[in-house]
Every structure is written in C-alpha cells, then in structure tokens.
Amino acid sequence: MVKRTKTNGDSKPVTTAQRLGSVIKSARDIMRKDKGMNGELDRLPQFTWILFLKLLDDAEKVREEEAFLEGTLDKYKPLIESPYRWRDWAADDEGMSGDDLLKFINNDEVTLRDGTKSPGLFAYLRSLQSATGRDRKDVIRQVFNDVTNRMISGALLRDVVNKVNDIHFDNSEEVNILSNLYESMLKEMRDAAGDSGEFYTPRPVVRFMVKVLNPQLGETIHDPACGTAGFLVEAYEHLKAQCQPKDWEILQSSLSGIEAKPLPFMLAQMNLLLHGVEYPEVERKNSLARAINQIGIKDQVDIILTNPPFGGEEEETLKKNFPPELQTSETTLLFIQLIMRLLKQKQKSGRAGIVVPNGTLFGDGICAKVKERLLTDFNLHTIVRLPNGVFSPYTSIPTNLLFFDASGSTEDIWYYELTLADGRKNYSKTKPIQDDEFNECLAWWNNRQESDRAWKYNFRETYDKAKAEAQPYWDAARESETIANQCAKKVKELDGQIQTLNASILDFAPPDHIKAQKLQIKIIKDEQAEAREKERQQRQIAKDSQAKGDGIYWAIFNLDKKNPNVLDDFEHLPPEQLVADIWAKEQRILEILGEIKKVLSDNKNE
C-alpha cells in the first residue's frame with residue numbers, strides 16, 4: 001500500500017519543518033499542563049534531557065548497524081545498557097506510564113517487570129564511567145549529575161515522550177531543522193530568564209565575531225565561558241563549510257569549551273550534538289578555578305571566542321589563582337587575564353574575540369593594569385562598539401567587542417561604532433539586532449577607512465608621549481623617596497646615639513658632666529626632629545610626584561573613546577560634561593541679562 005504524504009487542513013503537503021515544529025509545540029503545550037513546571041526555565045531543560053536520551057539511542061542504532069555491516073557486532077559495546085536505552089522504556093507509545101514511569105526515572109532503586117531490582121534511570125546514568133574519563137559515557141554522567149525530572153504527572157510525561165518518538169535523529173534533514181528550532185527555544189528561554197539569561201549571546205553578534213576571526217580547519221577554537229555553546233556551534237558550522245570527507249576527524253577535534261553552571265552545560269551538550277559534534281568536548285567546571293601560572297603551552301589554543309558573564313564577582317579563593325597585583329573579584333577582568341594566557345604565543349599567534357561591558361573600557365585601578373598588560377603584550381587591533389539594548393532584557397549595559405591577537409604590542413586601535421537603525425532608540429526581545437546590521441562592518445573589516453562610523457586611535461604614540469611626560473615625575477618621586485630613606489636611616493642612627501648617651505649618664509657623675517651630656521642629647525634630638533620633618537616632606541613630595549606621573553600614564557588606558565567624526569549627541573554625553581555644558585549656558589544667559597539690564601538703565605538715564 002502506498003504511504004500518503006501528510007497534509008494539513010487545506011490539503012497542502014506538510015513539510016518536515018512544519019511537522020517538527022508541531023511536534024515540539026505539542027510537547028511544550030503538554031508540559032504547560034504539569035503542575036511541576038514553572039515557565040520556560042523549567043520546560044526547556046525538561047524537554048532537553050528527554051531529547052538527549054532519544055538522540056543518544058538513535059545514534060547508537062546507527063553505530064550498531066555500522067558494526068553489523070562491518071561484521072564486528074559481537075565486539076560492539078553499547079553506550080547505555082538495557083533496560084535504560086530509549087527503545088527499552090520509551091519507544092512503545094503504550095509502554096510504561098503514570099507512577100511506574102516516574103519511579104523508573106526518579107528512584108535510586110526500582111523493581112523491573114521481571115522482578116529484579118536495579119538502579120533507576122537517572123541513578124544509572126549518573127553512574128556511567130569510561131576507562132579514560134573522556135568518553136561519551138562521561139558526558140552523560142556529567143549532564144545527568146544535575147538533572148532532575150520536574151514533571152509530577154507520569155501520564156503527561158508519557159505524552160511528552162510519545163511526541164518525542166516522532167523525532168528521528170538518524171534523519172539528517174530532521175536533525176538540521178531541529179537544531180534551528182532548538183536555537184529558537186534557547187532564545188525564548190533567554191528572553192524569559194531575565195537576569196538568568198547570561199548564557200545566551202544574540203546569534204547575529206556570534207556570527208559576526210566568527211566571520212571576522214575566520215577560523216580555519218586545523219585551528220583549535222575554545223570558549224572558556226561557553227553557556228549554551230553558541231560560539232562553538234557557529235565556529236563548527238564555519239569550519240564544516242571548509243571540510244572534505246577526509247577532514248571529518250580534524251573538524252570533530254577542533255572545538256572545546258568550559259561551562260560552570262549545570263543548566264547551560266546540559267543545553268550546550270544538546271546544542272553541539274544536534275549540530276553534528278559527535279563527542280562535545282565541553283567540561284563542566286569553572287575556568288577560573290585553575291592557577292593561571294599552571295596553564296602551559298599544551299593548553300594554549302589558536303582562537304578564543306567568548307562572552308564572559310557581566311558584572312559577576314568571584315570568590316576569594318579564585319582571585320588567588322591570579323598574580324597579586326592583578327587580583328580582583330570582577331569576573332570580566334579575570335577572564336581577560338585567562339584568555340591572554342590561553343592564546344598561542346609562538347609560531348602562529350593566537351587571536352581572540354570577546355564581549356565586554358563598557359565599564360571595562362573606562363575602568364581604572366586593577367582594570368587599568370589588566371588593560372596595560374593587554375595593550376603592551378598583545379595587539380588590540382579592533383573595538384566594535386555595539387548599540388544600546390543588544391543584550392536586552394538580560395542587561396541594558398552598553399557592550400563592546402574586543403578583537404586582539406598575540407602578534408605583538410598594540411600600535412593602532414581601530415574603532416567601529418555600530419549604530420541603531422533609523423528611527424529606533426533601542427533593541428528589545430521582540431525587535432532584536434539582525435545579521436544585516438553587521439554588513440557594513442563586515443565590508444569595512446578588510447578594507448579599513450575612517451568614516452562617520454570608524455576611526456583610528458594611535459595608541460603607541462599616546463603611550464610613548466604619556467611615558468615621556470610622566471617619567472620626570474616618577475624620577476622626582478624616586479629621588480625624594482631615596483632622600484626620605486636616607487633621612488629615616490639618619491633618624492635611626494641618631495636614636496642609637498641618644499640611647500648611648502642616656503646610658504652613659506650615671507647618678508654619681510659630676511653635675512657638669514651630666515649637664516653636658518643632656519645638652520648633647522638635646523642637640524641630637526633637635527637634629528633628629530629636623531631629619532624626621534625632612535623625611536615627612538620628602539615622602540609627601542614623592543607621593544605627589546608619583547601621583548602626577550601616574551595620572552598622566554594611567555589615563556591612556558581609558559579606551560572609552562568617543563567618535564571624533566560625528567557631533568556630540570547631547571543625550572549621551574557623560575554626566576559631568578552635561579553639567580559643565582548646562583552651567584556654561586547658564587553663565588552666558590546671566591551675562592546677556594546683565595547687558596540688557598545695563599542698556600535699559602542707560603536709556604532710562606538719558
């Protein structure tokens with residue numbers, strides 16, 4: 001009998017994308033009925049672990065067929081044993097349901113249909129361990145270590161499982177479509193997450209950064225704060241376009257990432273698997289937990305693409321993994337130091353693209369010291385300034401894209417200011433930034449000219465000039481410090497003399513001798529007081545001179561440069577400049593009023 005093409009109510013053929021979209025919508029609608037579900041932040045993780053197990057079993061079936069065709073099925077070792085494979089407990093639409101299904105998934109121990117006692121599904125998955133510790137079994141264990149089944153209705157869970165049975169991960173067309181649908185769900189979860197949406201970077205931003213860094217097959221790409229693996233997925237797609245069949249293994253070993261939080265870690269694994277990465281090399285840990293001086297050449301990579309968490313603060317123990325003079329609790333600054341350490345330095349220099357908040361550009365103190373190292377040891381060649389609201393609703397903080405490499409110190413920094421489309425004041429979750437808004441910047445990237453959006457800042461010239469101007473003050477500070485130290489030494493020596501003279505005064509000594517000794521002590525004390533005062537003065541001179549030199553030098557590490565090719569936008573001037581501008585206008589108004597008053601007075605007298 002001929003199998004009919006499915007149709008909708010209008011008798012039009014239903015596309016695969018429409019069918020899968022309908023399956024996912026139905027599954028999510030079912031989950032909305034469950035009292036244990038509380039919004040998208042619950043529903044997508046729940047849906048993800050269910051999809052994850054279906055994907056694993058479909059992939060396992062393909063490998064079993066390959067082993068059968070190669071005549072090695074007797075040596076084939078399944079990833080997940082019976083009865084924990086999807087085909088064992090989920091594939092039959094009339095299979096396990098209700099409380100039996102919930103117990104099988106949730107309980108540490110269950111009684112199977114044959115009467116034997118075995119671990120529950122999650123307990124079994126959390127026990128998986130490979131011999132090497134770097135196998136898909138270990139990925140499964142890491143994913144399910146923090147997964148919980150949030151559905152409290154076993155019947156509704158059965159209905160969701162049955163919907164997922166209509167998805168076929170051994171069909172490449174379905175996988176490609178589902179990967180795009182999954183990305184849409186990630187965005188929806190980001191929009192619903194508010195402050196918890198930090199692990200999602202708008203995909204137009206991600207695609208732009210991947211395009212300009214242009215990873216090549218054979219290069220290693222790393223994201224130390226990978227979230228849901230947006231950068232890794234786009235880098236993978238970029239590399240895949242360069243691949244021949246013989247390059248498959250190289251492609252599969254090109255990507256790595258680290259994610260500290262359990263939810264984005266699971267979502268990252270699913271995202272990479274859906275896009276074709278067979279063994280995602282994503283570790284669940286904190287990238288900042290390793291002492292930076294323990295990172296060696298073997299750990300370094302060609303490319304880093306990342307969006308570190310904004311405004312985060314790290315615990316005291318993690319700060320100690322960084323040099324004492326650069327220790328801070330600000331997450332972004334720690335990640336910049338980590339990235340500098342992770343980039344390849346020799347042979348072919350590594351390159352990086354990172355997202356940073358505006359405060360990183362103008363920050364002083366430790367922030368300025370981190371930027372000093374970045375600019376003197378690395379080539380910060382481009383800063384792309386993004387419009388307001390690109391990361392809304394997660395944050396309204398203005399953001400920038402920094403691009404640098406390990407080819408040497410910074411000479412020139414190119415700025416490119418991405419502006420809002422005409423008539424728009426901000427982006428929002430319903431009207432986000434689009435890919436085509438980066439087109440002009442992409443065209444400019446390899447053919448750079450100054451314009452109303454782009455300008456060049458000669459950092460090296462500014463740096464050399466600032467050092468030359470600051471050096472006399474620093475020299476004066478060192479000279480004063482030397483004099484102050486000499487004075488302190490003299491005070492100590494005079495103190496010794498005073499103690500010696502005091503010890504030589506004996507009760508039975510002649511009065512004239514005692515009087516002379518005390519006079520000598522007074523003279524030395526006066527000399528000591530003069531030395532102390534001189535030391536104090538010289539310390540103050542040293543402090544003031546050092547401050548003047550530092551003020552000149554550290555100011556150059558404020559990279560919050562305004563576009564010199566456009567007129568100031570009054571609405572976006574810094575507060576202090578706004579106040580100064582208003583005050584100047586008020587003063588001028590008062591002057592004009594005074595002149596008018598004088599003219600009126602003179603006319604009256606006439």
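**Exercise 1. Salt-bridge networks and pairs**

Task: State which residues are linked in a network of salt bridges, and how many salt bridges the count comes to.

Solution: In this predicted model, a network of salt bridges links Lys-25, Arg-28, Asp-29, Arg-32, Glu-40 and Arg-43. The count of salt bridges comes to 36. As background, side chains of opposite charge can pair when their charged atoms come close.

**Exercise 2. Two pairs that involve helix α2**

Task: For the salt bridges of Asp-42 with Arg-150 and of Arg-87 with Glu-64, locate each partner and decide whether Asp-42 is buried or exposed.

Solution: Begin with the pair of Asp-42 and Arg-150, in which the closest N and O atoms are 3.4 Å apart. This pair links distant parts of the chain, since Asp-42 belongs to helix α2 (residues 40-69) while Arg-150 sits in the loop between α6 (136-145) and α7 (154-164), 108 residues apart. The next step is accessibility: Asp-42 has a relative accessible area of 11% and is therefore buried, the cut-off for this class being under 20%. Arg-150, with a relative accessible area of 40%, is partly exposed.

Turn then to Arg-87 and Glu-64, whose closest N and O atoms are 3.2 Å apart in their salt bridge. Arg-87 lies in helix α3 (residues 86-89) and Glu-64 in helix α2, so this salt bridge ties together parts that are 23 residues apart in sequence. Glu-64 counts as buried at 19% relative accessibility, whereas Arg-87 is partly exposed, with a relative accessible area of 24%.

**Exercise 3. A pair within one helix**

Task: Work out what separates Asp-526 and Lys-522 in helix α19.

Solution: The side chains of Asp-526 and Lys-522 meet in a salt bridge, with an N to O distance of 3.2 Å. Both residues belong to helix α19 (residues 511-554), and because they are 4 residues apart there, about one helical turn separates them. Asp-526 is partly exposed, its relative accessible area being 38%.

**Exercise 4. The second largest pocket**

Task: Describe the lining of the second largest pocket, and find which helix gives the most to this lining.

Solution: The second largest pocket holds about 580 Å³ of space. Its lining consists of 22 residues, of which Ala-59, Phe-169, Leu-273, Gly-276 and Glu-278 are the closest to the centre of the pocket. Going through the helices, one finds that α2, α8 (172-193), α10 (230-240) and α12 (262-275) each supply at least two lining residues, and that α2 gives the most, with 6 residues. By class, the lining of this pocket divides into 10 nonpolar, 5 polar and 7 charged residues.

**Exercise 5. The sheet and its edges**

Task: Give the strand order of the open sheet, identify the edge strands, and say in which sense β4 and β5 pair.

Solution: The open sheet has 9 strands in the order β5-β4-β3-β6-β7-β9-β8-β10-β11, and its pairing is mixed. The edge strands, each of which pairs on one side only, are β5 (282-284) and β11 (454-458). Neighbouring strands of this sheet are turned against each other by 20° on average, direction ignored. At the β5 edge, strand β4 (residues 255-259) pairs with β5 in the parallel sense over 3 bridges, and the bridge partner of Gly-257 in β5 is Val-282.

**Exercise 6. The cavities**

Task: State how many cavities of 30 Å³ or more are counted, and give the lining of each of the two largest.

Solution: The count comes to 2 cavities of 30 Å³ or more. The largest cavity, with a volume of about 60 Å³, is lined by Leu-53, Leu-56, Asp-57, Glu-60, Leu-79, Ile-80, Tyr-84, Arg-85 and Trp-86. Helix α2 provides the largest share of this lining, 4 residues, and by class the lining has 6 nonpolar, no polar and 3 charged residues.

The second largest cavity contains about 40 Å³ of space, and the residues lining this cavity are Leu-232, Gln-252, Leu-255, Ser-256, Leu-272, Val-277, Tyr-279, Pro-280, Glu-281 and Val-282. Its lining comprises 7 nonpolar, 2 polar and 1 charged residues. Among them, Leu-232 is found in helix α10 and counts as buried at 1% relative accessibility. To finish, compare sequence with space: Leu-232 and Pro-280 are 48 residues apart in sequence, while their C-alpha atoms are 9.8 Å apart.

Conventions: Residues numbered from 1 in each chain as written. Predicted model: local features only at pLDDT ≥ 70, side-chain atom pairs only at ≥ 80, totals over all residues. Heavy atoms only, no water. Salt bridge = Lys/Arg side-chain N within 4 Å of Asp/Glu carboxyl O. Buried < 20%, exposed > 50% of the residue type's maximum accessible area, 1.4 Å probe, protein only. 1 Å grid on protein atoms, 1.4 Å probe; cavity = no way out; pocket = protein on both sides within 12 Å on 5 of 7 lines; lining within 4 Å. Points joined across faces, edges and corners; volume = space filled by probe spheres on them. Nonpolar A, V, L, I, M, F, W, Y, C, P; charged D, E, K, R; others polar. Pairing = 2+ DSSP bridges. Axes fitted to C-alpha atoms, helices over the stretch in contact; angles between N-to-C directions.
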